[in-house]
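Here is a short tour to read with the model open beside you. Keep the sequence at hand, and follow the headings from the fold inwards.

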Amino acid sequence: DHYLIKRIGSAFPEHQILTEETESVHGNLAEIPDLWIVDPLDGTINFSRHSKHFAISVALVQKGVPVLGVILLPLERKLYYASSVSPLAYCNGKPIYVSRVSEFREMVIATDWPWNLELRKKVLPFAEKFFPVVRQIKMAGSAVADLASLAEGNIDAYYHPGLKPWDMAAAVLLIREAGGVVTTSSGLPWTISDKDIFAASPKAYEMIERKLKE
C-alpha cells in the first residue's frame with residue numbers, strides 16, 4: 001500500500017486516503033469531499049496459499065459516493081474499472097454486464113466467512129436457505145474478487161456480513177455500472193458506512209429477496 005499511497009498522495013495532495021493498514025481519516029466518511037479507499041491485498045489467505053483469487057482495490061469516494069473504482073486481479077490478468085461519468089463498467093477494456101440468469105437451478109451465489117465468529121452465524125442460515133435450490137454456493141476467499149466476478153456476470157449474487165469500506169467501495173460502483181443492484185443484507189440502500197453487502201443482478205436480487213421473506 002505504500003506505493004499506492006505515495007502515488008495518490010503525490011497526484012492529489014489535498015485528498016484523504018483510507019487503507020486497511022492505516023484505517024485513519026479525519027471526519028465522517030460520508031462527508032469527506034475526496035477520499036481514496038485502498039485495499040492493497042484482499043484475499044490474503046489465498047495469496048499465501050498460492051491461489052490466483054486475490055485482488056487489489058482502489059476507489060475514489062466523494063461524500064460517501066464511489067465515483068471511480070479500479071480492481072486488479074494480477075495473476076488472473078484482469079483489470080476492472082468503472083467511473084460515474086461513464087454508463088458502463090469494463091474488464092480489460094471491454095464492457096461487462098451482470099448475468100441474466102432467471103432460474104434458481106442455474107444460479108451461482110457467493111458468500112464467505114467473516115473474521116468475526118458471531119457474524120459467521122449469519123452466513124449459515126443464508127446458505128442453508130439456498131443450497132437446496134441453487135446450482136452452487138461459492139466461498140472463494142476474496143470479497144473484492146468475488147464482487148468483480150459478479151459485475152462480469154460470472155456469479156449471480158454475493159452476500160457478506162462484516163466487511164470494511166476497502167472491501168466494497170470500488171466493487172459497488174463496478175456492479176452498479178454493470179447493471180447490478182447493491183444494498184445491505186436487510187435490503188436498505190448501501191452506504192459507505194455499512195458493514196455488510198448484498199449485491200446481485202436485478203433478476204437474482206428479486207428472486208433471492210422474495211425467497212428470504214418466505
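## A word on contacts

In this report, a contact means heavy atoms within 4.5 Å. With that in mind, the buried residues of helix α6 pack against β8 (108-110), α3, β10 (157-161), β11 (181-183) and β12 (196-200). Please remember throughout that this is a predicted model.

## The chain as a whole

Let us step back to the overall fold. The secondary structure of the chain comes to 6 helices and 12 strands. Its C-alpha trace spans about 50 × 40 × 35 Å along the principal axes. For 214 residues, a compact globule would have a radius of gyration near 17 Å, and the 16 Å of the chain agrees with that.

How much of the chain is buried? Buried residues make up 47% of the 214 residues. On the outside, the chain exposes about 11000 Å², and carbon and sulfur atoms supply 55% of that area. Among contacts with a separation of 6 or more, residues 24 or more positions apart account for 58%.

## The largest pocket

If you are looking for an opening to explore, the largest pocket has a volume of about 620 Å³. The elements that give two or more residues to its lining are β2 (35-42), α2 (44-48), α3 (117-130) and α5 (165-177).

Which residues lie nearest the centre of the largest pocket? They are D42, W113, W115, G141 and H160, out of 27 residues that line the pocket. Sorted by class, the lining has 10 nonpolar, 8 polar and 9 charged residues.

## Two helices to look at

Helix α4 (residues 143-151) is mostly covered, with 9 of its 9 residues buried. The buried residues include A143, D146 and S149, and L147 and L150 are also among them. Just after α4, G153 takes a positive phi of about 90°.

Helix α6 covers residues 202-212, and its buried residues are A204, Y205, M207, I208 and K211. An α-helix has 3.6 residues a turn, so residues three or four places apart point the same way. The partners of the buried α6 residues include helix α3 and strand β12.

## Three buried positions

A59 sits in strand β3. A59 counts as buried because its relative accessible area is 1%, and buried means under 20%. Setting aside residues up to four places away in sequence, A59 touches L35, W36, I37, L68, G69, A169 and A170. One of these partners, W36, is 23 residues from A59 in sequence, yet the two are 5.6 Å apart in space, C-alpha to C-alpha.

T111 lies in the loop between β8 and α3. Is T111 buried or exposed? T111 is buried, with a relative accessible area of 0%. Its contacts, leaving aside neighbours within four places in sequence, are V123, I137, K138, M139, A140, Y158 and Y159. The C-alpha atoms of T111 and L147 are separated by 9.9 Å, with the two positions 36 residues apart along the chain.

D196 belongs to strand β12. This aspartate is buried too, with a relative accessible area of 15%. Beyond its neighbours within four places in sequence, D196 is in contact with H160, P161, G162, M168, T183, T184, S185 and W190. Of these, H160 also appears among the residues nearest the centre of the largest pocket. L163 is 33 residues from D196 along the chain, and their C-alpha atoms are separated by 5.5 Å.

## Two loops with positive phi

Most residues other than glycine have a negative phi. Here are two that are worth a look on your screen.

K63 has a positive phi of about 50° although it is not a glycine. Where is K63 found? K63 is in the loop between β3 (55-62) and β4 (65-73), and this lysine is exposed, with a relative accessible area of 55%.

N92 is the other example, with a positive phi near 50° in a residue other than glycine. N92 has its place in the loop between β6 (89-91) and β7 (94-96). N92 is partly exposed, with a relative accessible area of 45%.

How values were computed
Residues are numbered from 1 along each chain as its sequence is written. This is a predicted model: local features need pLDDT of at least 70, side-chain atom pairs count only at pLDDT 80 or more; totals for chains, interfaces and linings use all residues. Side-chain values use heavy atoms; hydrogens and water are left out. On a 1 Å grid over the protein atoms alone, a cavity is a set of points where a 1.4 Å probe fits but cannot get out, and a pocket is an open set with protein on both sides within 12 Å along at least five of seven lines; lining residues have an atom within 4 Å of a point. Grid points are joined across faces, edges and corners, and a volume is the space filled by probe spheres set on the points. Helices (H or I, at least four residues) and strands (E, at least two) are DSSP runs, numbered from the N terminus. Ala, Val, Leu, Ile, Met, Phe, Trp, Tyr, Cys and Pro count as nonpolar, Asp, Glu, Lys and Arg as charged, and the others, Gly among them, as polar. The radius of gyration is taken over C-alpha atoms; the globule rule is 2.2 Å times the number of residues to the power 0.38. Buried means under 20% relative accessible area, exposed over 50%, partly exposed in between (1.4 Å probe, protein chains only). Accessible areas come from the Shrake-Rupley method with a 1.4 Å probe; for residues, only the protein chains shown count as cover.
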